[in-house]
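Visitor: I would like to go through this model with you, beginning with how its chains are arranged and ending with individual charged pairs. Could you take me through it step by step?

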Number of protein chains: 2
Amino acid sequence: MPTHPTTTFNGPIDELEQRFLESMPAIERWFRLEWMEHTPLFYSAVNIRNTGSKLAPLHTGLFPNGWNHLAEEMLPLAVQAAMAAIEKICPEARNLLIVLENHWPSPDYLANVVQLQRIFNRAGLHVRLGSISPDFHTTTTFPLDDGASVVLEPVLRSKNRLGLHNFDPCTILLNTDLRAGAPGILEDLHEQYLLPPLHAGWSVRHKNRHLQSYEEVAKRLGKMLGIDPWLISPLFATLPAARFTPKETDKEATGAAPRGVKVLLAAVDAVLTKVRRKYKEYGIHEKPFVVIKAHRSGSGIRTLTVRDTKEWGADLPAWLTTHYRGQHDLIVQEGLPTQERIGTTAAEPVVYMMDRYVVGGFYHLFTQSATHQSTDFAPLTFKYSTQQPQPHAPPGASAPNRFYMYGVIARLAMLAASYELEATDPDAET
Amino acid sequence: MPTHPTTTFNGPIDELEQRFLESMPAIERWFRLEWMEHTPLFYSAVNIRNTGSKLAPLHTGLFPNGWNHLAEEMLPLAVQAAMAAIEKICPEARNLLIVLENHWPSPDYLANVVQLQRIFNRAGLHVRLGSISPDFHTTTTFPLDDGASVVLEPVLRSKNRLGLHNFDPCTILLNTDLRAGAPGILEDLHEQYLLPPLHAGWSVRHKNRHLQSYEEVAKRLGKMLGIDPWLISPLFATLPAARFTPKETDKEATGAAPRGVKVLLAAVDAVLTKVRRKYKEYGIHEKPFVVIKAHRSGSGIRTLTVRDTKEWGADLPAWLTTHYRGQHDLIVQEGLPTQERIGTTAAEPVVYMMDRYVVGGFYHLFTQSATHQSTDFAPLTFKYSTQQPQPHAPPGASAPNRFYMYGVIARLAMLAASYELEATDPDAET
């Protein structure tokens, strides 16, 4: 199976690739200067959409799992990057505690943490795995597919430190996204390095903040490269506190939709109009769509895809009134249909980073035919490093060149997350 | 052809390998702490001897060429390490000038500098190649084997800066070992980063200083690992200012050998006695030898191998009186016969480093059957990273495990060079 479906690409994306490759030294210098001012995330993973016309990040994960899907050949890069990351944060480090998700670990998730354990062990740390689940009380050995096994231990919390029995780590690495909020057991650990910080959890992050940060850095990189930033970022509108419950003063009896519906439909039309203009400008003969979602994960708001508000007629206000009842912070975001295919299967690259370095990635394959809906997951490991471009290959013909571009977008999204966390840092000086 | 002749190893070296692997986190931490106090060389290459009983560096090159012999798969590691190195030295860097050796470049040497150019270009720099040869006046394009070409330009020196026509670099990388001394054109470049510094040149370095630095760091690492430091370092004696010219007051007429001969033969016997004792301790049934060489390269002193002073009888004093006429600083060093074989050919690993990171290497194959004499060079690229050990493989059975050990010794030699350069830094505060 080809590592990269090079034949499916042509048109605008190839010009973008060309521009990225020509500007490689300038791009790398730009990132170097950014990292002088901003702190890269300890580790991260970014899902990227390649629409055939543009590229943009779809998801920036700050507690990435899936490390087991990286190619074996990429591991030395991860180890080297981990060495650099540790040296910067805590050079005297001896022990690292990895905190797992609270659910009973699946074989795939265990393979992920074992891979992380291997990387940090080779980078020079004793690594043990801990559970902060209140239901996990007994050290448990899990068998692995390769005949080895892995030990998960319940954490022990003292007044100021978190550890395991006979294991006092100087650094704690979270591999759980804290979707349900940061538990008390992780708070006030001022003597230890907690990576990433608690405010990187999804209970704190707002998607609109990330989009805004990303828009800012994409504009700056775009300006430096002399490209339209739209080619590397999605259009979006944010709607804070949109109300979908009719107030008593609203004429509910007359059947008028709540105010939030009107505001949202106006925003949908506005974003769609902007996207249509861009499609026209770039000669893209597809029907654009937008995705409506909440600022925060776990808000219970159903994500909705809209191609045309008129097509729905009165059904859309009715649907929104029913499903979005209450008051919500919403985003209307340009939809990014993936045009990448492995064979006939839609594919989305996921790029993994350790500190400021891209260390590998894989394709997330969608087993359903829809271009923008995930139904199942199959990894296809990147064979090439993102730092192995072949500058003289014709655009669109070289997998390493495409990977270089993905690596740039992934780092841009990670930089945006870095801005985002600076803005939300509870310990920041005002 | 096997990348590593694992079957030829057994005995003491396997125990050493086991100890290195078990101590991996401690070793990596030890290096991390050393690099907090000492500055790694920008780039370096170390030739290592594996005698089957012990390992030691034979040569620590601070202006390494041969980068073209690194495996293509290792390049991302070199690029990533170069990114880290640049970021530390000069994050705002745009332009890098590589200064070549003065001789007319051979195809192999050109391939080496093109590889370096590629690495630093991918790390985010505009890289051009310059000659400081007083005989090189015209920009010259050299064809490469792969159909591409490379341009070499004469350097331009202004009062404070070195550059090329329309190219003002912030950093200058020397890929010439300055064996003939630092030329004036490289002096007083206080506005630019000159890497490595001029006092890293062979006209300044003394081999005894490197041996002494290496002995010091090997003792410390050995202590930390609980191993005899002899297993990772050669025994040696230094003889400063040994006189091989009979003074007028010496009874030349009587045929008595100059004083230097007696001192040297005593040192040879002393080192041989110590080595014999170690061989006995470790049950090594071979005849030890020592190598006599000068402190400094280019001294004109012929290197001499001696197994037994008695075997030579009167021939040795006569040979030394003839060939070592004058006064010299000499080293008597334990000989390290290579026991590594690729097929039936003796092989010596050469490990390449960028900043503190091992980024690849190759075997130097000796086409002559002698175990300690180089006659011709054939590279055999390392397939594995030195940071890819397989901790559960039996000792001696795994190429990546052997490479890990080589990477440790190479870094130890580089650390010794770092100590050495600190001690000889003309700008150091006293």
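Guide: Copies are superposed by least squares on the C-alpha atoms of residues with pLDDT of at least 70 in both, and this is a predicted model.

Visitor: By what turn can chain A be laid on chain B?
Guide: Laying chain A on chain B gives an RMSD of 0.1 Å, with a shift of 0.0 Å along the axis. That is the relation of a two-fold axis, and the turn is 180°.

Visitor: Which residue of chain A comes closest to the rotation axis?
Guide: The distance is taken at the C-alpha atom, and the closest approach among the residues of chain A is 2.9 Å. The residue that makes this approach is A:Leu77.

Visitor: How many residues of chain A are in contact with chain B?
Guide: Of the interface residues of chain A, 100% are also interface residues in chain B, so the copies meet through the same surface. Chain B contributes 38 residues to the contact, and the number from chain A is 38.

Visitor: What area do chain A and chain B bury between them?
Guide: Carbon and sulfur atoms account for 52% of the buried area. On the side of chain A, the residues that lose the most area to chain B are A:Arg32, A:Gln80 and A:Arg122, together 21% of what that side buries. For both chains, the area buried is about 3500 Å².

Visitor: Which element gives the most residues to the side of chain A that touches chain B?
Guide: Across the interface there are 14 residue pairs in polar contact, both residues being at pLDDT 80 or more. On the side of chain A, at least two residues each come from α2 (24–37), α3 (75–89), α4 (107–122) and β17 (357–366). The residues of that side divide into 21 nonpolar, seven polar and 10 charged. The element that gives the most, with 10 residues, is α3(A).

Visitor: Which residue does A:Glu87 meet in a salt bridge, at 2.3 Å?
Guide: Side chains of opposite charge can pair when their charged atoms come close. Two salt bridges are found across the interface of chain A and chain B, and A:Glu87 belongs to a network of salt bridges that also links B:Lys88, B:Asp355 and B:Arg356. The partner whose side chain meets that of A:Glu87 at 2.3 Å, N to O, is B:Arg356.

Visitor: Is B:Lys54, which forms a salt bridge with B:Glu334, buried or exposed?
Guide: The closest N and O atoms of B:Lys54 and B:Glu334 are 3.0 Å apart. B:Lys54 lies in the loop between β1 (43–50) and β2 of chain B and B:Glu334 in strand β14 (residues 327–334), so the pair ties together parts that are 280 residues apart in sequence. B:Glu334 has a relative accessible area of 2% and is buried. At 1% relative accessibility, B:Lys54 counts as buried.

Visitor: How many residues apart are A:Glu191 and A:Arg161?
Guide: The side chains of A:Glu191 and A:Arg161 meet in a salt bridge at 3.1 Å, N to O. A:Glu191 counts as partly exposed at 43% relative accessibility, and A:Arg161 counts as partly exposed at 22%. A:Glu191 is in the loop between β9 (171–174) and β10 (193–195) of chain A, A:Arg161 is in the loop between β7 (156–157) and β8 (162–163), and the separation is 30 residues.

How values were computed. Residues are numbered from 1 along each chain as its sequence is written. Chains are lettered from A and ligands numbered from 1 in the order in which they are written. Side-chain values use heavy atoms; hydrogens and water are left out. Contact means heavy atoms within 4.5 Å. Buried area is the accessible area (1.4 Å probe) that two parts lose on being put together, summed over both. A salt bridge is a side-chain nitrogen of Lys or Arg within 4 Å of a carboxyl oxygen of Asp or Glu. A polar contact is a pair of N or O atoms within 3.5 Å; within protein, one must be able to donate a hydrogen and the other to accept it, and residues adjacent in sequence count only if both atoms are side-chain atoms. Helices (H or I, at least four residues) and strands (E, at least two) are DSSP runs, numbered from the N terminus. Ala, Val, Leu, Ile, Met, Phe, Trp, Tyr, Cys and Pro count as nonpolar, Asp, Glu, Lys and Arg as charged, and the others, Gly among them, as polar. Buried means under 20% relative accessible area, exposed over 50%, partly exposed in between (1.4 Å probe, protein chains only).
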